[in-house]
Each structure stands twice: as structure tokens, then as C-alpha cells.
Amino acid sequence: MMWITLWLVLSAAVLLALSLLPTRKIIRVQEQQGWGWRILYVLVLFFIPAYLLYAWLLTTRIVESTDIIVAFIFFGGSVFVNLVTRLSLISIQHIQHIAALERHHALHDDLTNLPNRSLLYERIEQLVVTTKRSEREFSVLIMDLDQFKEINDTLGHLCGDRLLQQVAPCLRQAVRESDTVARLGGDEFAVLLPDTGIQGAINLSQKILEAMDSPFVVEGHHLKVGISIGITVFPQHGLDCETLLQRADVAMYVAKRGNLGYSIYNAEHDQYTLNRLTLFGNLHQAMQAQQLELYYQPIVDIQTQRVWGVEALTRWPHAELGFIAPVDFIPLAEQSGNIRYLTQWVINTAIQQIQQWRQRNISMQVSINLSVKDIQDEQFASQIIATLREADIDTSLLTFEITEGSMMTDSERAHKTIKELHDSGISIAIDDFGTGFSSLSYLKQLPTQHIKIDKSFIMDMLEDDNDAIIVRSTIDLAHNMGRKVIAEGVNQQDILDLLEILRCNYAQGFHICPPLPAHKLNDWLADPKTLWKSA
Ligand code: C2E
Ligand code: MG
Ligand code: MG
């Protein structure tokens with residue numbers, strides 16, 4: 001009996017000793033809140049020698065039945081303490097792990113696993129404090145991919161995501177371990193370079209541009225994406241996180257517009273973005289106040305020397321900023337959800353113009369540009385067809401121009417819209433052909449009548465043999481598939497002559513006539529000096 005009692009008491013002391021380590025770990029994790037565990041720790045420390053003393057006493061006298069009961073209580077208590085400390089440690093560690101994951105999740109981007117905007121802010125704010133103290137510099141780079149929207153629209157979001165997942169490590173490899181590469185959202189990234197001035201930031205920008213020069217292979221597509229980088233340096237360009245990022249964004253916008261690769265912030269740029277920001281709100285007002293104007297640029301039949309039609313192009317004369325180019329406000333309209341109203345306005349205005357021309361016995365094709373958002377709208381086709389019917393407009397007078405990129409959107413909805421429009425008698429033209437990734441054989445499946453070769457190929461075809469080859473083969477292929485070809489950007493007679501030799505059907509460009517408001521176009525059509533016969 002003595003041995004059992006002794007074994008129980010000694011085991012109880014050992015179990016208590018084994019609960020010291022987990023208790024210490026819990027105290028370390030809980031820091032200030034761990035006072036309860038500290039009391040337990042002291043109690044355990046006190047009880048171990050007490051148990052040992054009791055065990056020694058048992059060896060010096062006869063063991064009674066009460067001793068064995070006490071020994072069982074000691075043993076049970078120690079098992080309980082041991083279990084409580086161990087299980088508590090496991091659950092505290094589990095909670096800690098979840099908290100760490102959540103923090104990582106909150107501060108990192110899911111797609112690329114790069115730090116997100118919040119973590120970048122945190123790190124910039126820390127650097128502002130430490131760099132100010134040491135009177136040194138640091139740089140912030142903001143960058144944006146150049147053709148990302150087209151890739152997303154053309155090849156789908158999944159492909160866009162895969163591309164971003166490849167761009168992220170490419171950027172990471174270009175920088176040092178101590179630098180931060182963050183994803184701000186969409187196709188926008190940022191790099192934070194501690195202890196780096198303007199020259200260092202320029203060197204890195206060049207390195208990134210070089211790294212991005214080789215194409216990324218995504219789902220079998222070789223995608224070449226450009227990148228535009230805006231640079232700000234602390235303290236020259238800003239003393240706080242918000243200013244540094246905002247000005248880097250301004251510089252990035254300047255780099256993008258000027259196709260510069262990278263650009264360092266300059267106070268003169270500010271006016272520029274201020275305009276860009278205010279434009280967002282102004283566009284809606286301008287549409288409501290009927291301040292937009294529709295211009296028409298003639299498209300001529302090269303063989304018959306007749307005016308075949310006009311392309312309707314929206315103009316926004318702004319009270320303070322002068323004429324704002326469509327390349328600046330169309331993307332704004334797309335982003336702000338105003339594009340459907342804009343397209344509706346263009347169509348209504350064009351309908352009124354067609355009616356006016358009809359009264360004067362002028363019958364011309366009117367081409368209208370559609371945005372990818374329009375053709376993805378399920379109601380679009382039926383609404384337009386109803387409007388045309390109501391206005392008693394012959395649908396064969398209308399051509400909708402859809403860019404190559406938006407044609408390729410794999411959404412069934414887009415294809416359905418195109419088909420519905422086509423079935424109602426409206427012609428479809430593929431705009432800016434050659435700038436996307438589509439092939440003519442793919443486009444053959446779509447009901448299109450016209451292919452508009454992008455002006456970048458036409459304008460350079462006299463100097464650049466490659467462009468001339470592209471134009472020539474596009475015309476041949478399109479003809480073989482029964483499509484007519486329109487060349488845009490015809491800005492000199494030599495180009496027109498060459499297009500005639502290549503048997504291109506239609507031409508549009510400043511050499512023939514720039515886009516004009518309706519009354520001026522009427523004058524141009526009636527002018528005996530105009531070489532092109534009126535429709
Ligand atoms: P786009 O549809 O490819 O239109 C042709 C553009 O080329 C027009 O630019 C026209 O002014 C320009 N252009 C024509 N001939 C020449 C030339 O000989 N030389 C040069 N350098 N340019 C020439 P614009 O009016 O600035 O429009 C740019 C783009 O904005 C259009 O490209 C079109 O995609 C879009 N856009 C314009 N108006 C609308 C609209 O009402 N709705 C939509 N969704 N897009 C529009
Ligand atoms: Mg067009
Ligand atoms: Mg075009």
C-alpha cells in the first residue's frame with residue numbers, strides 16, 4: 001500500500017512540474033493579462049516541494065487509509081492542472097495562428113500575395129518617421145500596366161488574373177529584399193524603396209521596364225504588356241504618405257499619356273490631374289446640359305469616288321479646358337457608368353441628323369462607335385431597334401463600330417447583341433483592326449460586314465514595310481471572306497493612291513476631311529471644290 005501511495009504522490013509532483021512549461025508559455029503570450037496564470041505558476045511551484053515533503057513523510061511512518069485517499073486527490077488534481085495548462089496553450093496558440101492569418105489576409109492581396117494598400121501605407125508612415133530623423137530619402141513608385149484592360153476584355157478576367165500573378169514576382173525580382181512591392185488594386189502596383197533618392201528610383205524603373213519587355217506566357221498567349229511608372233521622393237515631393245502616393249499617381253499618369261515609361265513628379269503636372277478628377281463629375285453635367293457635340297467624318301468609296309458615309313465622333317467642348325479628346329473622356333464615361341447614356345445620346349442625335357439629311361435627299365451610312373459595355377448590355381439591341389423603328393429609320397443606313405477587343409470578349413451576351421443588331425439589318429464593322437489579338441478566321445464567325453484597319457498601320461504604311469504588309473494581307477484576307485475594308489487615318493494622297501492599288505474599299509482621314517459639325521459637313525458636301533461626289 002505504501003508503494004502505491006508513494007507512486008501516486010510522486011507522479012502528482014512530476015505532473016505538476018510538467019505543467020510549469022506550458023504555464024510559462026501562456027504567461028509569455030498573454031503578457032499583461034496573464035496574472036491568473038502567474039498565480040497558478042506560483043502555486044504549482046509551491047505544491048511541488050510540498051508533495052515531495054509529503055512523499056518523504058510517507059516513508060518514515062505507517063501509511064494509513066486516509067493517506068491513500070489524499071494521494072489520489074493529489075494525483076487527480078495534478079492531472080487536472082496538467083490538462084488545463086496544456087489544452088489552454090493549444091487553444092491560445094490556435095487563436096494566435098488564426099489572428100496571424102487574419103492579419104496577413106487583411107494586409108496582403110489575395111491574388112498575388114503581395115502587401116496591399118493598407119500595409120504599404122503603414123510602411124510608408126513608418127519610413128516617414130525614421131527617415132525624417134536620419135535626414136535621408138526614400139522613394140515611392142506607382143505603376144500601372146498599359147494594355148491590361150484590353151487583355152481583360154479580350155481574353156477574359158481569368159487570363160488577366162494569371163497575368164497579374166506573373167507580373168508580381170517579376171516586380172519582386174527586380175527589387176531588393178528590403179524594398180516593398182505592393183498591389184494597390186486592379187493592375188496598379190507600388191514599390192517602396194527605403195534609402196533611395198531620384199537616381200536610384202530611375203535605375204530601378206529602367207530595370208523594371210527592361211524586365212517587362214519580354215512577353216508573359218499566359219494560357220498559351222504571348223502577352224507583351226507595357227508599364228508606366230510615376231516616381232516621388234521623400235522629402236522633396238511630399239512629407240506624408242497621402243501626398244507622396246497621390247503625386248506618384250500624377251507622375252504615372254503623365255508617363256502613361258506621354259508613353260514615357262517612367263516620369264518623376266513635377267509640380268506642373270498637378271493642373272493636369274486636377275482636370276482629370278474634375279472631369280469625372282463634369283461629364284455627367286455636360287451630358288445633361290447637352291454640351292456634347294456630334295461631329296461627322298466622311299468615309300469615301302475609293303473606287304467610285306463617292307462619299308459612302310460618315311463616322312459619328314463625339315466632341316466635348318469644355319468651357320475652361322477647351323476641346324477634350326474622346327480618348328480622355330470615353331474611358332471616364334466607361335468607368336463611371338455613363339457610357340450607355342452617351343451611346344444613347346449619340347444614336348438619338350445621329351437619328352435626327354439622318355432625318356434632316358433625308359429631307360435634303362442625302363442618304364449616307366452613319367457609323368457609330370459602341371463601347372464594350374454597350375454590347376454586354378442585354379437590353380441594348382432591342383432598345384436600339386425599337387428606337388430606330390419609332391423614328392422610321394432604315395436600319396441599313398446604320399453601321400455600329402465595335403473594337404476588335406470588345407468583339408473578342410468571350411461573353412455570350414456580346415455575341416448575342418451583335419447577332420441581334422445584325423439580324424435587324426444594321427451593319428457591323430470591326431474597328432481598330434490589328435491592335436488586338438484576334439485573327440480574321442475567328443472574326444469570320446461573327447456577322448460583320450466591314451473591317452476598319454487601325455490608323456496606326458495606315459499612317460505608317462509608306463515608311464514601314466511591315467505595316468504595308470499587314471495592310472495588304474488584311475485587305476486580301478478580308479476580301480476572300482467577303483468583308484469590305486475601311487482604312488482610317490488616311491492623311492496624305494500617297495496613302496490613298498496606294499490603298500487604291502491594294503483595292504481597299506473605303507477611306508477616312510484628315511487628307512479627305514477632318515471630323516466636322518453637321519452644318520460644316522453639309523457645306524463640305526455642297527462645296528464644288530470637294531473632290532468627292534455627294535452621296
Ligand atoms: P475611332 O473609332 O477609331 O475613330 C477614328 C479616330 O481617328 C477619330 O479620333 C478621328 O478623328 C481620328 N482620325 C481620323 N482620321 C485621322 C487622320 O488622318 N489622322 C489622325 N491622326 N487621326 C485621324 P477621335 O475622334 O479622337 O476618337 C478617338 C476614339 O474615341 C475613336 O476611335 C473611338 O474609339 C472613340 N470615340 C469617339 N467618339 C465616340 C463615341 O461617341 N462613343 C464611343 N464609344 N467611342 C467614341
Ligand atoms: Mg470608330
Ligand atoms: Mg478606329
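**Exercise 1. In which helix is Thr417 found, and is Thr417 buried or exposed?**

Solution. The model is predicted.
Step 1: Thr417 belongs to helix H16, which spans residues 412-423.
Step 2: the relative accessible area of Thr417 is 3%. Buried means under 20%, so Thr417 is buried.
Step 3: leaving out residues up to four places away in sequence, Thr417 touches Ile375, Asp377, Phe380 and Ala381.

**Exercise 2. State how confident the predictor is in the protein, and where confidence is lowest and highest.**

Solution.
Step 1: the mean pLDDT is 89, and 95% of the residues reach 70 or more.
Step 2: the lowest confidence is in helix H17 (residues 440-443), with a mean of 68.
Step 3: the highest is in strand S16 (residues 506-508), at 98.

**Exercise 3. Describe how helix H1 and helix H2 are arranged.**

Solution.
Step 1: H1 covers residues 2-18 and H2 covers residues 20-30. Their axes come within 4 Å and cross at roughly 25°.
Step 2: angles under 35 degrees count as roughly parallel, so H1 is roughly parallel to H2.
Step 3: on the H1 side the contact involves Leu16, Ala17 and Leu18, and these meet Leu20, Leu21 and Pro22 in H2.
Step 4: sorted by type, the contact residues are 6 nonpolar, no polar and no charged.

**Exercise 4. Find the protein donors of the magnesium ion (ligand 2) and their spacing in sequence.**

Solution.
Step 1: the donors are Glu311 (OE), Asn369 (OD1), Glu401 (OE) and Asp431 (OD), which lie 2.0 to 2.2 Å from the ion.
Step 2: in sequence, the donor residues follow the spacing E-x57-N-x31-E-x29-D.
Step 3: Glu311 is in strand S9 (residues 306-318) and Asn369 is in strand S11 (residues 365-370), so this pair ties together parts 58 residues apart in sequence.
Step 4: Glu311 is buried, at 5% relative accessibility, whereas Asn369 is partly exposed, at 28%.

**Exercise 5. Which residue bridges the magnesium ion (ligand 3) and the magnesium ion (ligand 2)?**

Solution.
Step 1: the protein donors of ligand 3 come from Asp431 (OD), Asp432 (OD) and Glu488 (OE), with Glu488 (OE) listed twice. They lie 2.0 to 2.4 Å from the ion, and the donor residues are spaced D-D-x55-E.
Step 2: Asp431 is also listed among the donors of ligand 2.
Step 3: Asp431 therefore coordinates both ions, which are 4.1 Å apart.
Step 4: Asp431 is buried, with a relative accessible area of 6%, while Asp432 is partly exposed, at 22%.

Notes
Residues are numbered from 1 along each chain as its sequence is written. Chains are lettered from A and ligands numbered from 1 in the order in which they are written. This is a predicted model: local features need pLDDT of at least 70, side-chain atom pairs count only at pLDDT 80 or more; totals for chains, interfaces and linings use all residues. Side-chain values use heavy atoms; hydrogens and water are left out. pLDDT is the predictor's confidence in each residue, from 0 to 100. Helices (H or I, at least four residues) and strands (E, at least two) are DSSP runs, numbered from the N terminus. Donors are N, O and S atoms within 2.8 Å of the metal (3.2 Å for Na, K and Ca); water is not among the atoms, so sites may look incomplete. Buried means under 20% relative accessible area, exposed over 50%, partly exposed in between (1.4 Å probe, protein chains only). Axes are lines fitted to C-alpha atoms, for helices over the stretch in contact, and angles run from 0 to 180 degrees between N-to-C directions. Angles under 35 degrees count as roughly parallel, over 145 as roughly antiparallel, 65 to 115 as roughly perpendicular and the rest as oblique. Contact means heavy atoms within 4.5 Å. Ala, Val, Leu, Ile, Met, Phe, Trp, Tyr, Cys and Pro count as nonpolar, Asp, Glu, Lys and Arg as charged, and the others, Gly among them, as polar.
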